[in-house]
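Welcome! Here is a short, friendly tour for anyone opening this structure for the first time. Take a look at it below, then read on.

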Amino acid sequence: MHPTPMKRNLVKSALIAGAAVVALAACGTETKGGVNEALGTRAAAPAPVKKAKPVKKAAPGLPGMPPVLDPHDVYAADRPNRLSPVVKDFPSRVYVPNTESDTVSVIDPKTYEIVDTIHVGRQPQHVVPSWDMKTLWVNNNRGHTLTPIDPSTGKAGTPVEVHDPYNLYFTPNGRYAVVMASLDRELVFRDPHTMKVVKTEPVSCYGVNHADFSLDGRYFIVSCEFSGELLKVDTEKMKVVGQLKLPFRGAMPQDVKISPDGKRFYIADMMADGMWVLDGDRFTEPTLLPTGKGTHGLYISRDSREMYVSNRGEGTVSVFDFTRNRLTKKWHLPHGGSPDMGGVSADGKVLWLSGRYNSEVYAIDTRTGAQLARIKVGRGPHGLAVYPQPGRYSLGHTGIFR
């Protein structure tokens, strides 16, 4: 995930000295070869497992949340080219945050060419569509700001001060933005427009970074990268109600996605080289499904039948079939690469992924797995957003739509 590598012997001595928290604050985000990854993996002492308290379901869904279209498919609103009236006239673009160049490369997906370069704050990690889909927020992690981009014009607005915005999500009812403050060890609930703090929920794990919400929106599952843990959070109460240590030494959970039927959560783990399969309601010990080295990003096909799994450590993408409940294909990038975060095109035909350690972006045919383009961008490309995409509203990250 992160910036400048540090030698492992320095990490080891720092840990022995008991400076785990200080080391985390100094390194913050992952780097190739595992400097911050290793630091985060070893920094936190094993946490006791806390049994999740059941989230009371007084109503079918989270109050204020748009009705679920299909109880058997949480992604029913994401069908090919089913664009909301809010976004239907936006130009189709791929926005690529370059963490070490402090820029966002803007790609025209029709020509595979960069049409603009937007200068933003220090260490932009993800480009996140707002709940109402009218704004793209660039998460400037080390700059402690969010830069708004108007997707109708592609122009950046005035940055908003937000501390430690590693990642950004929105509650399903649109009431709050949720900042994943990784180094601060907090979930910060904010006004989704002004970004003023409403409530801060401290966490005891290290490296909160990715999440997804239950079918009814009443809770969400959060991955804690640096301590190998998962959190269960009551959405309405804005409170952690469960904490679980993953059963793998050195686990480093990343992206989180719910299954179309809402019965399972999948959590990518770049050190366990696979996906954890979790019963979110029960929040009991998950099982591991191996996919490939450095499992990182998870993306759902437009027909809700498959999930694309980026294996950053080996330059491949695994394809998981929900109906068959197994992996069916593995696509290899020509000449390798480091496929990381991204999204699926509005028509569902192209999977876009950043090449984290190769300063490039990959366009992959979702029917054949063939590489359509490899585009040079800035240094350290990370959480790119394909925009616009189908859906009624955004839950954040690089584009989770319902």
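What follows is a briefing on nonpolar cores, aromatic rings and one loop residue.

Please keep in mind that this is a predicted model. A good place to begin is the largest nonpolar core, which has 25 residues.

**Nonpolar cores**
- Within the largest core, the residues that touch the most other members are Phe265, Leu278 and Met307.
- Six strands are listed as each supplying at least two residues of this core: β14 (219-224), β17 (253-258), β18 (265-269), β19 (274-278), β21 (295-300) and β22 (306-311).
- The top contributor is β18, which gives 4 residues.
- Beyond its neighbours within four places in sequence, Phe265 is in contact with several residues, among them Phe213, Tyr219, Ile221, Val256, Trp276 and Leu278.
- There is also a second, separate core of 22 residues, including Tyr176, Leu187, Val203 and Val208.

**Aromatic rings and charges**
- Across the whole structure, a search finds 12 aromatic pairs.
- Tyr176, Phe189, Phe213 and Phe220 are linked by ring pairs into a cluster.
- Arg185 places its charged end over the ring of Tyr206, 4.0 Å from the ring's centre.
- Likewise, the charged end of Lys232 sits over the ring of Tyr219, at 4.3 Å from its centre.

**A buried loop residue**
- Thr99 is found in the loop between β1 (93-98) and β2 (103-108).
- Thr99 counts as buried because its relative accessibility is 3%, and buried means under 20%.
- Setting aside neighbours within four places in sequence, Thr99 is in contact with residues including Arg122, Pro124, Arg356, Arg379 and His382.

Conventions. Residues numbered from 1 in each chain as written. Predicted model: local features only at pLDDT ≥ 70, side-chain atom pairs only at ≥ 80, totals over all residues. Heavy atoms only, no water. Buried < 20%, exposed > 50% of the residue type's maximum accessible area, 1.4 Å probe, protein only. Contact = heavy atoms within 4.5 Å. Phe/Tyr/Trp six-rings, centres within 6.5 Å; stacked < 30°, edge-to-face > 60°. Lys NZ or Arg CZ within 6 Å of the ring centre and 35° of its normal. Core = buried A, V, L, I, M, F, W, Y, C linked by side-chain atoms within 4.5 Å.
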